[in-house]
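Me: I am new to this structure and would like to get to know it step by step. Could you walk me through it?

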Amino acid sequence: MDEFKKEIVRLVSKKYPISDSMLETPPDEKLGDFALPCFGLAKEAKKDPKIIAEEIADEAKESELIKEVRAVGPYVNFFVKKDKLSELVLPNVVKLKNDYGKSLIGKDKMIVVEFSAPNTNKPQHLGHIRNNLLGMSFSNILEFSGHKTIRVNFINDRGIHICKSMLAYKKWGNDREPDVKSDHFVGNFYVMFNLNAQDKPELEDEAKEMLKKWEEGDKETLALWRKMNNWVYKGFNDTYEKLGIRFDNTYYESEIYEKGKKRIIEWLEKGIFKKTDDGAIYAPLQDFNLPDKILIRSDGTSLYIVSDIELAKIRFDEYKMDKLVYVVASEQNAYFQQLFKVFDLIGYEFTNKCFHMSYGMVFLPEGKMKSREGNVVDADDLMDEIIELSREDLKKRYEGLSDIEIEKRAKAIGIGALKFFMLKHDHLKDMNYNPKESISFEGETGPYVQYAYARISSIVNKFGKILDKADYSLLRAEEEKKLVKLIADFPEAVEESARNCRPEVVARYLLDLSHAFNEFYQACQVLAEDEELKKSRILLINCVRQVLKNGLGLLGIECLDEM
RNA sequence: GGGCCUGUAGCGCAGCUUGGAUAGCGCGGCAGCCUUCUAAGCUGUAGGUCGAGGGUUCGAAUCCCUCCAGGCCCGCCA
């Protein structure tokens, strides 16, 4: 679209100097493809904006790319030549294919994205799903935009909460082996601990005692810890695989907290950190309008932030990256302010390279999810349920599909619906999850986009071959023009998404493109048309299909040729 | 009490960064469209004081201020 903007700027500048950022898209396609509001020019020239618009329309006229220039009130509207539009846009898609939409805004930049960061005392829930999907899709988008992208997980495998499920197992587990999915098995003991701790507060002390033993390297405690953590990892791997989540590197809190603790004590001696009366070590932050942050408890055990401080150093040494993104929910906004301020206090120079990608909470109709009480939408259960819904749907819609085909489609559609639902919302905002209403396969959903893809595949497959050129001048319908313009917008949407850290921009874009295709599908025939027009339309819709594929790929959603 | 965030149609949301033409979309309601390439689709219709009040501006959902309502955080939990 840049070519058109430049042309318009050139045309208008004969009369008034303007820049391409002054051009807008008219509210209605009948008003043209580009618009120039003349209020600003009117102020400078001290003239009526309507007069200015007319002057520009008289002077600019048509050109090689522009069909018509029309003054409408204080606006000048520009109509582009449709065949030129297709000629400029479509060959690019034909040529670049899976690379169409890639950019170089991240060239020579390395980004480390930390996401998921689960605790090993319980299975993952809906909140983790939002985290995992945001982290994964944002990483994909960064990579597509030219960044060297490293996806990292940081397993919170130690700490008081881990000891709680261990203690419950020790007390009431009778050395049983898991009889349900193994991370759920561990999570059940975590809930059990908290239920019992309500009227037996001494359990909290026992858990603290266990943490102390763990940090002292007590063999029996460590053996139990290893056994239970391995159960959890086994379960996590299943969950990640089902969700299509992968990492380039995984760090474990247990492997770094000790070194972190030593450094904290060094910094304490240097006077950077301070001690409370009862011996806890804290970072003084009140001068920066933040609450002080305790780093090491008075009993000598360390808090999570100790590991976070150490890990940042490890990662910057290892990757020397340009940016470190932490994908963590908004409830920890204040924590990250503290963490980054602590980096400053220590004298680390990478604070300005750290970014907390905060995202909103997921609420259930009954309010906030509480792992301690087991009041959560479990990730595995949710995926199973939604795949089951999709499976039932497929059986109702089509008879005679093989079981293998049903499973393949049910998984792609169900998981696609879940992913799209989680990713289409403004990630900064809280969201409400209502199981009845949230997961649908109609309207603004993943399956809606997948369906547009499948419809195109069906036509293209019936036609039988892929074309790399056609007569663009035959694409004259408004529906076709709209599609071409949207295809042209894709690289811009990806760039905005990468730059502003907003995967939802890609999701919204895909809805627009799918809707435009469905309008085209309703209005225009493909296979029944004359040979040349048929070819042009095949090429056009195949370009649409390519863009849908590239966009869905960024969100980690599968495409289906039939559904 | 302090910090951060949110408030747009019955419900769920987009638009706000970068102010412009009648404020869009989905669900739900109503009325239509399958002898045409997949109806998981399309079209039409009803439905809105853009939380309230001020201000800036030729022009405000968008920028600024105040207030109201809701959420998150202010743990030696994460």
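Me: Into which domains is chain A divided?
Reply: Happy to help! This is a predicted model, in which local features need pLDDT of at least 70 and side-chain atom pairs count only at pLDDT 80 or more, while totals for chains, interfaces and linings use all residues. Residues are numbered from 1 along each chain as its sequence is written, and chains are lettered from A and ligands numbered from 1 in the order in which they are written. The bounds come from an automatic or database domain assignment, and they give domain 1 (2–80), domain 2 (115–373) and domain 3 (379–555).

Me: What separates the centres of domain 1 and domain 3?
Reply: The C-alpha atoms of chain A fill a box of roughly 85 × 70 × 40 Å along the principal axes. Taken over C-alpha atoms, the centres of domain 1 and domain 3 are separated by 35 Å.

Me: How many helices and strands are there in chain A?
Reply: Both are DSSP runs numbered from the N terminus: helices are H or I with at least four residues, strands are E with at least two. Counted like this, chain A has 19 helices and 14 strands.

Me: What percentage of the residues of chain A count as buried?
Reply: A residue is buried if 20 or more other C-beta atoms, placed from the backbone, lie within 10 Å of its own, exposed if 12 or fewer do, and partly exposed in between. Chain A has 563 residues, and the share that count as buried is 42%.

Me: What is the strand order in the open sheet of 3 strands?
Reply: Two strands pair if DSSP finds at least two bridges between them. β1 and β3 (residues 75–80) pair over 4 bridges, while 6 bridges join β2 to β3. The pairing is antiparallel, and the order is β1-β3-β2.

Me: Which strands stand at the edges?
Reply: An edge strand here has a single partner, so one side of it is left without a neighbour in the sheet. That describes β1 (34–37) and β2 (66–72).

Me: Which residue in β3 is the bridge partner of alanine 71?
Reply: β2 and β3 form a hairpin with 2 residues between them, and glycine 73 in the turn has a positive phi of about 60°. On the β1 side, phenylalanine 34 stands opposite phenylalanine 78 and alanine 35 opposite asparagine 77. For alanine 71, the bridge partner in β3 is valine 76.

Me: Is β3 largely enclosed or largely open?
Reply: Of the 6 residues of β3, 5 are buried. The strand is therefore, with respect to the rest of the structure, largely enclosed.

Me: Which helix gives the most to the largest nonpolar core?
Reply: A nonpolar core is a set of buried Ala, Val, Leu, Ile, Met, Phe, Trp, Tyr and Cys residues joined through C-beta atoms within 7 Å. The largest has 129 residues, and Val76, Leu483 and Ile487 are among those that touch the most other members. With 11 residues, the helix that gives the most is α19 (residues 531–555).

Me: Against which elements do the buried residues of α4 pack?
Reply: Helix α4 (residues 82–96) should span 21 Å at 1.5 Å a residue, a span reckoned on one less than its number of residues. Its end C-alpha atoms are 22 Å apart, which agrees. Its buried residues are Lys82, Leu85, Ser86, Val89, Leu90 and Val93. They pack against β3, α17 (478–499) and α19.

Me: Which residue just after α10 takes a positive phi?
Reply: Helix α10 (residues 253–269) has 17 residues, and its end C-alpha atoms are 24 Å apart, in agreement with the expected span. Its buried residues include Tyr257, Gly260 and Ile264. Just after this helix, a positive phi of about 90° is taken by glycine 271.

Me: Why does methionine 321 count as buried, and which residues is it in contact with?
Reply: Methionine 321 lies in the loop between α11 and β10 (323–329). It counts as buried because it has 20 C-beta neighbours inside 10 Å. Contact means that two C-beta atoms, placed from the backbone, lie within 7 Å. Leaving aside neighbours within four places in sequence, methionine 321 is in contact with Met110, Ile111 and Val112.
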